[in-house]
Amino acid sequence: MIVSYLNAEQMPSICASHPLFAKGFDAAQKLMAEHAAEGRYEIDGERLFINVVSYVPKAREESVFESHRRYIDIQLMVEGEEIIGFAENELLTVTRPFEGDAELYGMIDPCDTVVMYPGKFTVIYPGEPHAPGMAVTSAPEKIRKIIIKVLA
């Protein structure tokens, strides 16, 4: 997992760590500038696509962990704030075995967390359980984010 910022000095190194990262970040920034509608945007077929999503984050106890088998998730916050939880596989209980690319797990407490806000992103590799969409406050507001899906 990597946690960083769009304006970080490390962006060239992060983009160099996978042949499709630079293309994904460029496409995401273009979609941000265009205020793209929610939905899936094909960039390079199944190798690289982007999901633009909006939702109101949930309370921690309503959240679930997920893990992917084939795709790297780059979750880039555009508007609002949310918490993403992280945990080791051994600490989690599977609630839905792999269906397509995702496996789901029950929530655990405590877990490691990262507060996401505009311009901040996480790179989450296959096999790294994460719980996006957790509310930062007791009165969460709608968030908007871009999820870059990169075939690992």
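## A tour from β11 to the largest pocket

Begin with strand β6 (residues 82–86), which is joined to β11 by three bridges, the two strands running antiparallel. In this predicted model, the residue to pick out on β6 is I83, whose bridge partner in β11 is M134. Now select the whole of strand β11, residues 130–134: five of its five residues are buried, so the strand is largely enclosed by the rest of the structure.

Next, colour the open sheet of six strands, which has the order β1-β10-β5-β12-β3-β2 and antiparallel pairing. At its edges stand β1 (2–5) and β2 (39–44), each of which has a single partner strand, so one side of each is left without a neighbour in the sheet. If you look across the strands, neighbouring ones are turned against each other by 20 degrees on average, direction ignored.

Within this sheet, select β5 together with strand β10 (residues 120–124); four bridges join these two strands, which run antiparallel. Showing side chains here lets you find L76, which stands opposite F121 in β10.

Turn then to the aromatic rings, of which a search of the whole structure finds three pairs. The pair to display is F49 and Y71, an edge-to-face arrangement with 5.4 Å from centre to centre and 70 degrees between the planes. F49 belongs to strand β3 (residues 48–55) and Y71 to strand β5 (residues 71–79), so the pair ties together parts that are 22 residues apart in sequence. Both F49 and Y71 are buried.

Keep F49 on screen and add R40, which lies over the face of the F49 ring, at 3.6 Å from the ring centre. Another arginine placed over a ring can be found by selecting R69, which lies over the face of F98, at 4.0 Å from the ring centre.

The last stop is the largest pocket, with a volume of about 290 Å³. Its lining consists of 17 residues, and those to select for a view of the centre are Y55, E66, P132, K145 and I147, which lie nearest to it. To see which strands contribute, colour β3, β4 (65–68), β5, β11 and β12 (143–151), each of which supplies at least two residues of the lining of this pocket. The tour thereby returns to β11, the strand that three bridges join to β6, and to β3 and β5, the strands that hold F49 and Y71 respectively.

Terms used:
Residues numbered from 1 in each chain as written. Predicted model: local features only at pLDDT ≥ 70, side-chain atom pairs only at ≥ 80, totals over all residues. Heavy atoms only, no water. Phe/Tyr/Trp six-rings, centres within 6.5 Å; stacked < 30°, edge-to-face > 60°. Buried < 20%, exposed > 50% of the residue type's maximum accessible area, 1.4 Å probe, protein only. Lys NZ or Arg CZ within 6 Å of the ring centre and 35° of its normal. Pairing = 2+ DSSP bridges. Axes fitted to C-alpha atoms, helices over the stretch in contact; angles between N-to-C directions. 1 Å grid on protein atoms, 1.4 Å probe; cavity = no way out; pocket = protein on both sides within 12 Å on 5 of 7 lines; lining within 4 Å. Points joined across faces, edges and corners; volume = space filled by probe spheres on them.
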